[in-house]
Amino acid sequence: MSRADRLGPNLKELRLERGLTLDKLAGMSNLTRGYLSLVERGLKTPSITALLRVADALQVNIAQLFDINSAPAPRY
């Protein structure tokens, strides 16, 4: 499975680790619940802007959305 194919499952795993519902993550990222659901199921490819919003809401860097084991990058 490629890193791009792991985006949806990784997003769901990170969301659940933080105890967030789709509704809560949607509110935190200013995206819709339906959009996030499509991304998690691999039916929608998010834009860079959407990835930035989700990563910020989950407090991870974008690389971690594609590879959960990726080392966190320093925040500047």
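## Gly42 and the turn after α3

Let's start with Gly42, which is exposed, with a relative accessible area of 60%. That label follows because exposed here means over 50% relative accessible area. Keep in mind that this is a predicted model. Gly42 sits in the loop between α3 and α4, and its phi, just after α3, is positive at about 75°.

What lies 5.4 Å from Gly42, C-alpha to C-alpha, despite being 34 residues away in sequence? The partner is Gly8. Gly8 turns up again among the contacts of Glu40, a residue of helix α3.

## Two more positive phi values

Gly42 has company on the positive side of phi, and these next two residues aren't glycines. Asn30 has a phi near 60°, a positive value in a residue other than glycine. Look for Asn30 in the loop between α2 and α3. Its relative accessible area is 61%, so Asn30 goes down as exposed.

Gln59 is the other case: phi is about 60°, again positive, and again the residue is not a glycine. Gln59 belongs to the loop between α4 and α5, the latter spanning 62-66. With 69% relative accessibility, Gln59 is exposed.

## The overall layout

Zooming out, the chain has five helices and zero strands, so to speak an α-α-α-α-α run from the N terminus on. The chain has 76 residues, and 38% of them count as buried.

How much of the contact set joins residues at least 24 apart? Taking contacts between residues at least 6 apart in sequence, the share is 48%. On the outside, the chain exposes about 4900 Å², and carbon and sulfur atoms supply 52% of that area.

## The nonpolar core

The largest nonpolar core has 19 residues, and those with the most contacts inside it are Leu11, Leu25, Leu36, Val54, Leu58 and Leu65. Four helices, α1, α2 (22-29), α3 and α4, each supply at least two residues of this core. The biggest giver is α4, with six residues.

Leu36 makes a handy viewpoint on this region. Skip its neighbours within four places in sequence, and Leu36 is in contact with Leu22, Leu25, Ala26, Ser29, Leu31 and Val54. Two of the names in that set, Leu25 and Val54, are also on the list of residues with the most contacts inside the core.

## The buried part of α3, Glu40 included

Which residues of α3 are buried? They are Tyr35, Leu36, Ser37, Val39 and Glu40. As a reminder of helix geometry, an α-helix has 3.6 residues a turn, so residues three or four places apart point the same way.

Glu40, part of helix α3, is worth a click. Is Glu40 buried or exposed? Its relative accessible area is 11%, so Glu40 is buried, the cut-off for buried being under 20%. Not counting residues up to four places away in sequence, Glu40 touches Gly8, Pro9, Leu11, Lys12, Arg15 and Leu22.

## One small void

There is one cavity of 30 Å³ or more in the structure. The largest cavity comes in at about 40 Å³. Its lining is made of Leu7, Leu11, Tyr35, Leu36, Val39, Pro46, Ala50, Leu51, Val54 and Leu65. Sorted by class, that is ten nonpolar residues, no polar ones and no charged ones. Helices α1 (3-17), α3 (33-40) and α4 (48-58) each supply at least two residues of the lining.

Among the lining residues is Leu7, which is found in helix α1. Leu7 counts as buried because its relative accessibility is 7%, and buried means under 20%. Leaving out residues up to four places away in sequence, Leu7 touches Val39, Pro46, Leu51, Leu65 and Phe66. Of these partners, Val39, Pro46, Leu51 and Leu65 also line the cavity. One more pair to check in your viewer: Leu7 and Thr45 are 38 residues apart in sequence, with 9.1 Å between their C-alpha atoms.

Methods. Residues are numbered from 1 along each chain as its sequence is written. This is a predicted model: local features need pLDDT of at least 70, side-chain atom pairs count only at pLDDT 80 or more; totals for chains, interfaces and linings use all residues. Side-chain values use heavy atoms; hydrogens and water are left out. On a 1 Å grid over the protein atoms alone, a cavity is a set of points where a 1.4 Å probe fits but cannot get out, and a pocket is an open set with protein on both sides within 12 Å along at least five of seven lines; lining residues have an atom within 4 Å of a point. Grid points are joined across faces, edges and corners, and a volume is the space filled by probe spheres set on the points. Ala, Val, Leu, Ile, Met, Phe, Trp, Tyr, Cys and Pro count as nonpolar, Asp, Glu, Lys and Arg as charged, and the others, Gly among them, as polar. Buried means under 20% relative accessible area, exposed over 50%, partly exposed in between (1.4 Å probe, protein chains only). Contact means heavy atoms within 4.5 Å. A nonpolar core is a set of buried Ala, Val, Leu, Ile, Met, Phe, Trp, Tyr and Cys residues joined through side-chain atoms within 4.5 Å. Accessible areas come from the Shrake-Rupley method with a 1.4 Å probe; for residues, only the protein chains shown count as cover.
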